[in-house]
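Thanks for sharing this one with me. I have put my reading of the model into a few numbered points, which I hope are handy when you go through it yourself.

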Amino acid sequence: MNRKQLAGLATVLGICPVLAQAAGVTPVMPAPKGAAAMAAPGAPSARIESLSLKEFVDLISRSDEQVLVQRLEADIAEQGVKGAKAIFEPSFFVEASHDSQFVQNTSSEALQRSGQSLYRAKDNNYKTGLDFKLPWGTDAEIFYNPSRLTNSLQIFSGVTEPEYKASLGFKLTQPLLRNAGREATTTNIRVAEQDTLAARETVRQVLAQRVMDGMVVYFNLQRARERVRLRSQALDLAEKILLDLRKQEKAGLKSAGDTLDAESAASLRRSQLAQGQQDLEEQQNLFQAFISARERAKGARLAVRRYETADPLVLLAQPVETPLLPQPTQEKSGGNELVGEDGAVYIPATLRDSLARRPEIRVNDIRLEREAVRMNYAQNQKLPEVNLTVRYGIEDINQGQFRNPGDYFGSQNFPYNSWSVGVQVRYYLFGDEKRSSEYEAAHIRRRQVELAQAALQQRIVNELESSAGVLEQGRQTVRRQQEIVTSQRMLLEIESNLVKEGKKSSIDLMRKQLELLTAEESLADSIVIANRASFLVSQAHGLLLKRVGLE
């Protein structure tokens with residue numbers, strides 16, 4: 001890029017920043033007019049879409065791949081709840097079979113079968129019913145089993161047509177120890193519901209982190225664009241100083257050493273601009289990666305998308321109240337409670353609120369509840385298997401056709417029935433090692449979650465304290481840089497008056513302008529650092545999503 005091109009670029013980009021003049025007023029860096037002017041050489045041309053910080057955050061919420069994947073995980077967990085609740089879904093079953101016999105009778109069978117040496121039978125058997133599970137663990141079955149019977153012995157009983165036999169009744173199997181009760185029966189449902197809650201909180205956690213990462217990239221892109229703008233102006237001034245010194249060297253007013261220094265300074269400015277352009281392109285790519293999963297319009301072809309920041313670089317940081325934390329002198333059993341010097345548990349309200357808002361804490365709380373459910377179930381599974389079985393059925397034989405099932409519930413009396421009551425016991429001789437190991441594993445998993453919770457609480461406490469300190473330090477740096485810029489502008493004004501009076505040269509004025517541009521770049525850096533710290537504080541307090549309007 002030659003000097004004329006650089007001068008033209010500087011003219012396009014030469015927009016003086018609007019800075020606060022009085023102390024305490026938020027400094028403002030106006031947004032550049034277009035990303036195309038500041039794009040690195042060789043960048044592909046594409047339609048550029050300007051995004052405000054709020055629009056960018058909303059796009060992350062809708063289009064970030066990690067957020068979308070985690071939302072799908074939450075949807076999968078919800079399907080798990082539906083699947084777990086399906087244990088109470090009734091099922092209807094039908095079974096049909098045809099049995100045919102033509103056999104010789106033994107001597108004993110012949111005595112039982114009217115002295116016949118041969119026996120012929122054809123039976124059509126049907127089994128129908130409805131089975132389901134009750135919340136107390138009871139397996140219930142309602143059945144209706146009709147059969148059509150034809151055999152060679154019916155003629156000896158005066159029966160000339162098929163016999164129709166039916167059995168209508170129910171069967172109950174009730175666990176008395178293992179798997180008994182509502183708590184054991186609904187364990188998988190409660191675990192699935194807690195997994196769903198944890199997945200939803202994980203969506204909040206991933207979304208908050210991705211929003212925070214995206215905002216950091218947004219601020220960095222603002223800074224990169226501001227750097228390119230300021231360094232373009234600085235290069236333009238350095239080139240003008242070099243041009244003036246060369247003219248003065250030819251006139252014998254300056255030495256070759258002065259010109260050489262100016263050439264070195266211009267080369268340095270040119271190198272800094274190239275570095276700034278490279279950083280701008282890198283930040284631009286990172287910026288676009290956050291919304292790479294954004295849906296295309298229906299029928300639109302896959303094409304390059306380019307975005308730019310629309311918001312001006314302004315100070316968004318606000319002072320926050322840092323919770324006063326006690327110095328722990330001992331730990332309780334769980335290691336997750338702060339204990340003051342007097343031995344009493346002391347958790348300040350601000351800290352409790354911050355902990356309660358953090359999705360990581362919520363996820364671990366849900367996991368603790370889930371592991372408690374699993375432990376109780378594993379404890380139940382260590383009990384012997386004892387089941388009570390009850391069966392009752394009305395038995396009936398009809399001639400000529402099947403009886404209507406509704407007849408069994410009418411006024412007609414059916415005295416014939418069959419019933420049974422029994423107990424089934426199963427006990428493992430070595431104490432059921434499988435269930436015992438499952439209980440110990442559940443206990444260990446709960447301990448893991450408790451340790452993770454304690455460590456997480458301590459990390460959040462540290463984040464609250466350190467992030468607030470970084471924010472306050474960043475705000476102080478912005479105030480100092482603002483004072484420096486204000487002083488530089490005042491000095492520049494004085495220098496300009498001296499040039500008008502002939503007491504200073506235009507080269508001195510341009511050098512003072514370079515100092516102002518350097519101060520403005522430092523101010524932009526300090527604003528970005530303070531803004532990042534401000535939103536990190538919001539994230540530490542669990543308020544980031546609320547602050548950006550996503551909750």
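The points below start with the whole chain, then turn to the cores, one residue of helix 2 and the cavities.

1. A reminder before anything else: this is a predicted model. Its chain holds 12 helices and 10 strands. Of the 551 residues, 39% are buried. The accessible surface amounts to about 30,700 Å², and carbon and sulfur atoms account for 53% of that surface.

2. On contacts along the sequence, take the pairs that are at least 6 residues apart. Of these contacts, 78% connect residues at least 24 apart.

3. Now the nonpolar interior. In soluble globular proteins, nonpolar side chains tend to be buried together. Here the largest nonpolar core contains 47 residues, and F56, V211, M215 and F287 have the most contacts inside it. Six helices are worth highlighting in your view: helix 2 (53-63), helix 6 (187-250), helix 7 (256-289), helix 10 (433-500), helix 11 (506-540) and helix 12 (544-547) each give at least two residues to this core. The top contributor is helix 6, with 13 residues. A separate core of 13 residues lies apart from this one, and its members include L237, I241, A266 and I507.

4. V211 deserves a closer look. Leaving aside residues up to four places away in sequence, V211 is in contact with V57, I60, L544, L545, V548 and L550.

5. Is S61, a residue of helix 2, buried or exposed? S61 counts as buried because its relative accessibility is 11%, and the cut-off for buried is under 20%. With residues up to four places away in sequence set aside, S61 touches V67, R71, L207 and L550. L550 is thus a contact of S61 and also of V211.

6. Finally, the enclosed spaces. Rolling a probe the size of a water molecule over the atoms shows where empty space is left. How many cavities of 30 Å³ or more are there? The count is two. The second largest has a volume of about 30 Å³.

7. The lining of that second largest cavity is made up of Y144, Y164, K165, A166, D396, N398, F402, R403 and Y408. By type, the lining residues are five nonpolar, one polar and three charged. Strand 6 (163-175) and strand 9 (385-399) each provide at least two of the lining residues, and strand 6 has the largest share, with three.

Terms used:
Residues are numbered from 1 along each chain as its sequence is written. This is a predicted model: local features need pLDDT of at least 70, side-chain atom pairs count only at pLDDT 80 or more; totals for chains, interfaces and linings use all residues. Side-chain values use heavy atoms; hydrogens and water are left out. On a 1 Å grid over the protein atoms alone, a cavity is a set of points where a 1.4 Å probe fits but cannot get out, and a pocket is an open set with protein on both sides within 12 Å along at least five of seven lines; lining residues have an atom within 4 Å of a point. Grid points are joined across faces, edges and corners, and a volume is the space filled by probe spheres set on the points. Helices (H or I, at least four residues) and strands (E, at least two) are DSSP runs, numbered from the N terminus. Ala, Val, Leu, Ile, Met, Phe, Trp, Tyr, Cys and Pro count as nonpolar, Asp, Glu, Lys and Arg as charged, and the others, Gly among them, as polar. Buried means under 20% relative accessible area, exposed over 50%, partly exposed in between (1.4 Å probe, protein chains only). Contact means heavy atoms within 4.5 Å. Accessible areas come from the Shrake-Rupley method with a 1.4 Å probe; for residues, only the protein chains shown count as cover. A nonpolar core is a set of buried Ala, Val, Leu, Ile, Met, Phe, Trp, Tyr and Cys residues joined through side-chain atoms within 4.5 Å.
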